[in-house]
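Subject: Structure handover

Hello,

Here is the structure I promised to pass on. Please open it first, then read my notes below.

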Amino acid sequence: MTTLVFGHKSPDTDSTGSPILWAWYLNEIKGVEAKPVLLGEPNTEAAFMLDRWALDKPAIISDVDGGQACVVVDTNNPAELPAGINAADVQEIIDHHKLAGGLETRAPINITIRPLACTATIMLDMIGNDYNRLPDAIKGAALTCILSDTLEFRSPTTTDHDRAVAEKLAADLGISIPDYAAEMFAAKSDVSSFSDAELIRMDSKEYAVSNTKFRVSVLETTAPATVLDRKDSLMETMVQVAKEDGVDQVLLFVVDILNEEATLLVPNDLVKTVAEKSFDARPEGDTVVLPGIMSRKKQIIPNLSF
């Protein structure tokens, strides 16, 4: 049986590139038949990565069959995985997020969760000396993943090790990190073809505070005005998305990569209270700027309260 390698339901660059990287390793080094798949459409930056490195876009699946062999990467949260995940044969988990709990496996498995900024960094460590066998296209995907998850080393999740691995990859590929990151972020910032609902769900995770369920959405961009010009329609759509997705409130953060700040849309008193109690902010309108806020994993979700 072919082992499927996949990340979470909102495929960003890491959840698109890391399955490709690990499927290559399983096939070429471990002799295990494997293929990368996606649980949704990749975002614009991930699509740029596939095109830039001439990588085939992985097939998109909606669920997994009972007993399907699979490796889960860039998440360990059942809410971000196929409905049938606990009936599948999960053989390994590789991740850099906190342990969520709730996944069931048929037998003991290898679980690797490390406090690094990117799943691809962890994988390259695990690959070890076989790194030298990586094709340039796979190295390019790994570099893109690390620069994406670290926001070119601006994110507070960045470690010295993430930076060192990225710099080695760039040197091997003869690539200027600033120039390449600028191309990546330009691709990420082009959201003109996406509906409001697609933007809200593009990079989004569910998180509960007490008995209140939030969909915490982040849009990372070098052109925040392009997104904020749509704030009225986005706030209207947030109500629809919350209802459809079974959450109480959508929180939408527009992260300005270059100015290293986030703008939170404030459609109602609940979100205003979240801004006040979580970030010590004082909204005076329907948006509030949060200086220095770049990371959902390290700065947003751990601080959420209301």
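Start at Arg114. Setting aside neighbours within four places in sequence, Arg114 is in contact with Asp95, His96, Ile122, Asp125 and Met126. Please keep in mind that this is a predicted model. Arg114 sits in the loop that runs between β6 and α3. Its relative accessibility is 33%, so Arg114 counts as partly exposed. His97 is also worth finding: it is 17 residues from Arg114 in sequence, and the two C-alpha atoms are 7.9 Å apart in space.

Just before that loop comes strand β6, residues 110–113. Ile113 belongs to this strand. Ile113 is partly exposed, because its relative accessibility is 33%. Together with Leu99 and Ile111, Ile113 makes a nonpolar surface patch of about 290 Å².

**The parallel sheet**

Where does β6 fit? Six strands form an open sheet, in the order β3-β2-β1-β4-β5-β6. The pairing is parallel. β3 (59–60) and β6 are at the edges. Each has a single partner strand, so one side of each is left without a neighbour in the sheet.

Look next at the β3 end. Strand β2 (residues 34–38) pairs with β3 in the parallel sense, over two bridges. Leu38 has Ile60 in β3 as its bridge partner. Helix α1 packs on this sheet and touches β1 (3–6), β2, β4 and β5. The direction of α1 makes about 170 degrees with that of β2. Helix α3 packs on the sheet too, touching β4, β5 and β6. Its direction makes about 105 degrees with that of β5.

**Helix α3**

Is α3 (residues 119–127) largely enclosed or largely open? It is largely enclosed by the rest of the structure, because seven of its nine residues are buried. The buried ones are Thr119, Ala120, Thr121, Ile122, Met123, Leu124 and Ile127. One of them, Ile122, is a contact of Arg114.

What covers these buried residues? The cover includes three helices and three strands that you can pick out in turn: α1 (13–28), α4 (136–149) and α5 (160–173), then β4 (69–73), β5 (89–95) and β6. After α3 comes Gly128. Its phi is positive, near 60 degrees.

**The mixed sheet**

Now move further along the chain. Five strands form another open sheet, in the order β7-β8-β9-β10-β11. Here the pairing is mixed. The edge strands are β7 (204–209) and β11 (287–291), and each pairs on one side only. From one strand to the next, the twist averages 25 degrees.

Strands β9 (residues 249–256) and β10 (residues 261–265) pair in the antiparallel sense, over four bridges. Phe253 stands opposite Leu264 in β10. Helix α9 (residues 231–245) packs on this sheet. It touches β7, β8 (212–221), β9, β10 and β11. The direction of α9 makes about 135 degrees with that of β9.

One residue of α9 to look up is Thr237. Is Thr237 buried or exposed? At 12% relative accessibility, Thr237 counts as buried, because the cut-off is under 20%. Leaving out neighbours within four places in sequence, Thr237 is in contact with Asp196, Ala197 and Ile200.

That is the handover.

Best wishes

Note on methods. Residues numbered from 1 in each chain as written. Predicted model: local features only at pLDDT ≥ 70, side-chain atom pairs only at ≥ 80, totals over all residues. Heavy atoms only, no water. Patch = residues over 30% accessible without salt bridge, like charges linked within 9 Å, V, L, I, M, F, W, Y side chains within 5 Å. Areas by Shrake-Rupley, 256 points an atom, 1.4 Å probe, with all protein chains shown as cover. Salt bridge = Lys/Arg side-chain N within 4 Å of Asp/Glu carboxyl O. Buried < 20%, exposed > 50% of the residue type's maximum accessible area, 1.4 Å probe, protein only. Pairing = 2+ DSSP bridges. Axes fitted to C-alpha atoms, helices over the stretch in contact; angles between N-to-C directions. Contact = heavy atoms within 4.5 Å.
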